[in-house]
Each structure stands twice: as structure tokens, then as C-alpha cells.
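Grab a coffee and open the structure viewer. Below are some short exercises, each with a solution worked through in steps.

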Amino acid sequence: MKQYFEKMDPLGKPLSPKQLESMKDNLAQAEELMKRIDAEQDRIQNFGVPADKIHERGEMTVWERIEYLVDPGTFCPLHTIFDPENEESGSTGVVDGLARINGRWCVLIGFNNKWMAGAWIAGQAENNLRVTDIAKILNVPLVWLVNCSGVKLPEQEKVYANRRGQGTCFFRHAELEQMGIPVVAGIYGTNPAGGGYQSISPTILLAHKKANMAVGGGGIVSGMSPKGSFDEASAEEIINATRHFKSVPPGSVKIHYDATGFFSAVFDEETQVLDAIKDYMADLPAYNPRFFRVSEPAQPKFAPEEIASIIPMNKKRTYDFEQVLARVVDDSEHMEFRPGYGPEIYTGLVKINGFLMGAIGNRQGFLPDYPEYTNEYMGVGGKLYRQGLIKMSEFVTLCARDKVPIIWFQDTTGIDVGDTAEKAELLGLGQSLIYSIENTNLPMMLVVLRKGTAAAHYVLGGPTANNNNAFTLGTPATEINVMHGETAAVASYARRLVKEKDAGKPLQPVIDKMNEMVKHYDLTSEPFYCAKKGFVDEVVRFGDIRKYLVAFTSCIYQNPRSICPKHHMILPRIIRSQIVKGLERPQGKE
């Protein structure tokens, strides 16, 4: 299959000095947004117990544990400023991302021991469930750094119960294990109650000598026989019991290594626990990359950092999507599927780290003589039309047949609307694409380059595709909303304007409300808000997109559940059908 994969079609071109110069302000705007996110990440890392105090206890912070554990340069953080419940720390109390440990890719997550000794806090359950979903979709190990003091008791109603409460994570661990996906845990500190189940639910338990895990901690055990009220005598009993359980906590190494044998191994030093995780990771199933690579890995011919000089922060300006793609794929090469058909959408095969991937993205700009079902208006890139929707359904279906995972690049203003569009079946074709995606059983990821708008945000591989979308990246230019704020204001207040005008009343009060709505949309659609609320799993600089693509692709091809041999693939042959031309026909005699 060398004729298909080793040398694909060239993609992209160098940026001119004029374009680089004209986009300097654009770079500055993008960097200003990212510095705001950097500052929030720093604030979260410095919140709670100072690192010096942690060190005085002989402990490492969770960030230090991760740095020691992960192969240098491979950690791709996710959910760094995720805080869906507005917790007082401004975080979910865990740190997670894709990581390579001792040559094996995994999803890594650890409790932040600087805040409430790693307690369950508001929003954490949702974060943890997202992490188990990523491991499930990518079929890679889940590695936990457990240091969990149990429920933040004053706010138990935000943590404990509900269908997606913290205990759901333990069922997810069992689900992963039944799928053959191991959960490996390094266990530190005191882990009572929920922390006990956090410790016992993984597959392999590797403990520090001071670690313990128990159904209930000392405080719970001390108060097991309340009289319905407290007095001085009961307070003295609690004091004595608490002192005892502080010196001899339930579920220590003496119990769970010497007696139950739940701990697979116990170590004197914190780093030895991490070394043991590395050893176990080396033993886990993983194909040699050569098994699936279609060519040797290669860097793009053009720097990924140049994307910030291509994508305008101004959402009304257009750009060349292929120029973006050329800066994230191997050797800046591709094989486009159905060029010319559905011109608002790019579909094609690319290589990431030597592995074959499908790519789908919104093109921008005017589309003359399109869509084909009307001459009443001209098509514009970013919007979806009949041909584009059909092409995407065809492409994802063929990718599913050939077991080629998909990366979506989204910058959409929605799906074409109006009776003409309805007659062209766009409502049905949008849902058909959703059906096609659900039918693939393929791992996918999404990069919201700029706009994620209306139903197009769903159908273009959005995070709502829970069984396929492993995670979603945002950029400094990301904006996610049901429609643009100005459009929403018109839709909400147009009739009110007519009513006030006909009644001879002043329009300014309504105009003020319209402007308030526009401002609200701006505040609740921008990248920082999207990352805080989890609309995206992380906001990254344009130049870091390729790093996440490499991690995602490497995870997928580490131990895939199903394989299509390269020489059995049909999609490359459809794209390059002209390669096999057949023999020349003999000329007939005159």
C-alpha cells in the first residue's frame, strides 16, 4: 500500500511576510486569552496548603507526582480549570490528562492533596466520569494517584448522591475492568469512606507505607454510637477515640497488606510507588507502533505555531482551512475524499505520527453557484448544506469500515435554514450524520477552532457524541453558543420591538435588554467560560494542537479493539481510484 500512504498529496504553503505582519495583533489577542487561562491554572496549583508544608510532611504534590511519573514532554493536561459547580477552590480537586508512562499511553488522574487532603468536592464526579469515558473510548489503561480524604462533609449533597454522583465512578471502574481495561492505582495518605472505595476499586493497588484505606475513617468510627445529642462526657469519648484512630487509623498497611492482601505491594518512599506504576505499565498490552503505522512519523512542513497567524480572532473574517490542516499533519500531506462535492466541508485521510487518521473540517468563505438546491442565495463556508452532510455521512461510514479514527475541526455557524433547506432534507440529513457517527464505534476527538454553533455543533463530532468523542479541545478563538448573541437578541425581542413601536412607546428599554443579552452571550460563549463549564475539555494554544493529536492517535493505536489490515482498506482506493488503470486495450485493425 505504499502507493497510497508513503507519499500523499501536498497540502498548504508557506505564509508570506505580509500575512505574518498583518496578523501580529491577532497573535497578541490569542496570547492575551491564553495568559488568562495560564493565570487561573497557576492560581489553582497554588491554592490550599503551600507546597512547602506538603514537603515537610514528606509528601509530593500531585503535580510533582505526575512530573516524576510521566515520560518527559508527553503529558497533555485536560480539565485544568474545569469547575462546573463553582467550588470554593475554583477546581474539581483532581488533575488529569493523556500521558505516556514507561512507553505506554494511558489516561492519568490524581487527587490534589493540597486542597482538603484530596476530598471529594463539588464537580469532581463529573470530571472523574469524563476521565473514565476517555479510557473507555481509547481502550487505554486508567492510572489513578489516590490521595482521597473522602467527602467534603459540609457539602455532601453536592458530591455523594445522584445518578452521576461520585460513587458512579466505581461502577465505571468495574465496567473498564470487564472490558479488559486495567485501572492501576498508586495510593497515598488517608483514604476513608469514599476514599476507601476509590482505593479498592482499581485493578492493581500499589501503596505507600503510610497509606490506609477503610470503609470508614477514624472520625466516623469514633461517632458510631451517638445518643441523639452531645454532652461533655460524649465529647471526652470522642476525643479519646479520635486520638486512638489518629495514631492507628483503620485499614493501614498492617491490615491491607499483611492480612487482606489487597495491596499488591507497599513501598517506603513516595517515588517507589511511582516506579512500581512504571513497571506495571511496561507489562500492559501494547502493539509495537510498526504494526499500524502506514509511514514513518514526520513533522509538518510548516510550524504549528503559525496557525495563530491564519485563524482570525475576529469571527467575521475567513481563512483557508487547508492551511491550518497543513500545520498539524505529518509532512503536510493528505488524500482528500470527494473534492468539489459539498465544498463547505473538507474530508480526507491524513497521517499523525505515522498513523492513518480521518480529518473533517469546515471551510470558510463564499461558495459561488452553491448550494445546488437553490439560486435564491449564495452558500458560505461554516454553514452546512445538503452535499456536505451527505459527504460526511459517507466518509465516517467508510472510516468505520476501515477502522480509521476521526479528528473533527469545527468552525461552524450552523445548518442552512428555511423552507428551501427543509425541502432539501437538511433536518433529516443532520440526524443521518448523527446516526452514522453513532454507527461507527470509532474513537473521535474534536477541535473547536472557532465557532461551534446550533445543531451543527452536535453533528460535527461534538462532545454530545458520548460514545465516540473522547475529548474536545478549544482554542483562544473558540466560541460555543446556540446562535450568535446578536441573532439571539433579535429572535428574543423582535416581536417586542414591533409591539412597542405600534403602541408608540420608546424603544430604548427594549434595545437595552437586547444589548444585555448580547453581552451575556459574549461572556458565556468565550473560551475561559467554556473550559470552566466543561463545554470543552481544555483550551490550548494553536501551536499545541498537534501535541494533543499525537497523544490521541498514539492512544488509539496502542491496543485497538478491532483491526482492518491496510491492504483490505477500501477508502484509500476510492480516493485514489486512478492508481490502477488496467492494461492498454489493443488497437483494432483498420
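One thing before starting: this is a predicted model.

**Exercise 1. Find where Ala454 sits, decide whether it is buried, partly exposed or exposed, and list its contacts from further along the chain.**

Step 1. Look for the secondary structure element: Ala454 belongs to helix H17, which covers residues 454–459.

Step 2. Check the accessibility. Ala454 has a relative accessible area of 28%. Buried needs under 20% and exposed needs over 50%, so Ala454 counts as partly exposed.

Step 3. Now ignore neighbours within four places in sequence. What's left in contact with Ala454 is Gly414, Asn481 and Val482.

Step 4. Take Gly414 from that list: 40 residues separate it from Ala454 in sequence, yet the C-alpha atoms are 5.2 Å apart in space.

**Exercise 2. Work out the strand order of the open sheet and say which strands stand at its edges.**

Step 1. Trace across the seven strands, and you get the order E2-E3-E4-E5-E6-E8-E10, with mixed pairing.

Step 2. Go to the edges. Strand E2 (76–78) and strand E10 (265–267) each have a single partner strand, so each has one side without a neighbour in the sheet.

Step 3. For the twist, neighbouring strands are turned by 20° against each other on average, if you ignore direction.

**Exercise 3. Describe strand E4: how enclosed is it, and how does it pair on either side?**

Step 1. Start with burial. Of the eight residues in E4 (residues 104–111), seven are buried, so the strand is largely enclosed by the rest of the structure.

Step 2. Turn to E3 (residues 94–101). E3 and E4 run antiparallel and are joined by eight bridges; as a landmark, Val95 has Gly110 in E4 as its bridge partner.

Step 3. Look at the turn of this hairpin. Two residues lie between the strands, and Asn102 takes a positive phi near 55° there.

Step 4. Now the pairing with E5 (residues 142–146): here the strands run parallel, with four bridges. Ile109 has Trp144 in E5 as its bridge partner.

Step 5. Follow the chain from E4 to E5. The path goes through helix H6 (residues 124–138), giving a right-handed β-α-β crossover.

Step 6. Carry on one strand further. E5 pairs with E6 (residues 183–187) in the parallel sense over five bridges, and Trp144 stands opposite Ala185 in E6.

**Exercise 4. Compare two helix pairs, H18 with H19 and H14 with H16: what is the orientation within each?**

Step 1. For H18 (residues 485–502) and H19 (residues 508–525), the axes come within 9 Å and cross at roughly 165°. Roughly antiparallel needs over 145 degrees, so H18 is roughly antiparallel to H19.

Step 2. Add the handedness: H18 passes H19 in a right-handed crossing. Residues that meet include Tyr493 and Leu497 in H18, and Met514 and Met517 in H19.

Step 3. For H14 (residues 386–402) and H16 (residues 426–440), the axes come within 9 Å and cross at roughly 10°. Roughly parallel needs under 35 degrees, so H14 is roughly parallel to H16.

Step 4. This time the crossing is left-handed. Among the residues that meet are Leu389 and Val396 in H14, plus Leu429 and Leu433 in H16.

**Exercise 5. Pick out some backbone oddities and place them in the chain.**

Step 1. Keep the usual case in mind: most residues other than glycine have a negative phi, and most peptide bonds are trans.

Step 2. Check Asn86, which isn't a glycine but has a positive phi of about 55°. Asn86 lies in the loop between E2 and E3 and, at 57% relative accessibility, counts as exposed.

Step 3. Check Asn353, also with a positive phi of about 55° and not a glycine. Asn353 is in the loop between E12 (345–352) and E13 (355–362), and at 16% relative accessibility Asn353 counts as buried.

Step 4. Finish with the peptide bond between Tyr370 and Pro371: it is cis, with omega about 5°. Pro371 is in the loop between E14 (366–367) and E15 (379–380).

Methods. Residues are numbered from 1 along each chain as its sequence is written. This is a predicted model: local features need pLDDT of at least 70, side-chain atom pairs count only at pLDDT 80 or more; totals for chains, interfaces and linings use all residues. Side-chain values use heavy atoms; hydrogens and water are left out. Buried means under 20% relative accessible area, exposed over 50%, partly exposed in between (1.4 Å probe, protein chains only). Two strands pair if DSSP finds at least two bridges between them. A crossover is right-handed if, with the strands pointing away from the viewer, the path from the first strand over the helix to the second runs clockwise. Axes are lines fitted to C-alpha atoms, for helices over the stretch in contact, and angles run from 0 to 180 degrees between N-to-C directions. Angles under 35 degrees count as roughly parallel, over 145 as roughly antiparallel, 65 to 115 as roughly perpendicular and the rest as oblique. A crossing is left-handed if the near helix is turned anticlockwise from the far one by less than a right angle, and right-handed if clockwise. Contact means heavy atoms within 4.5 Å.
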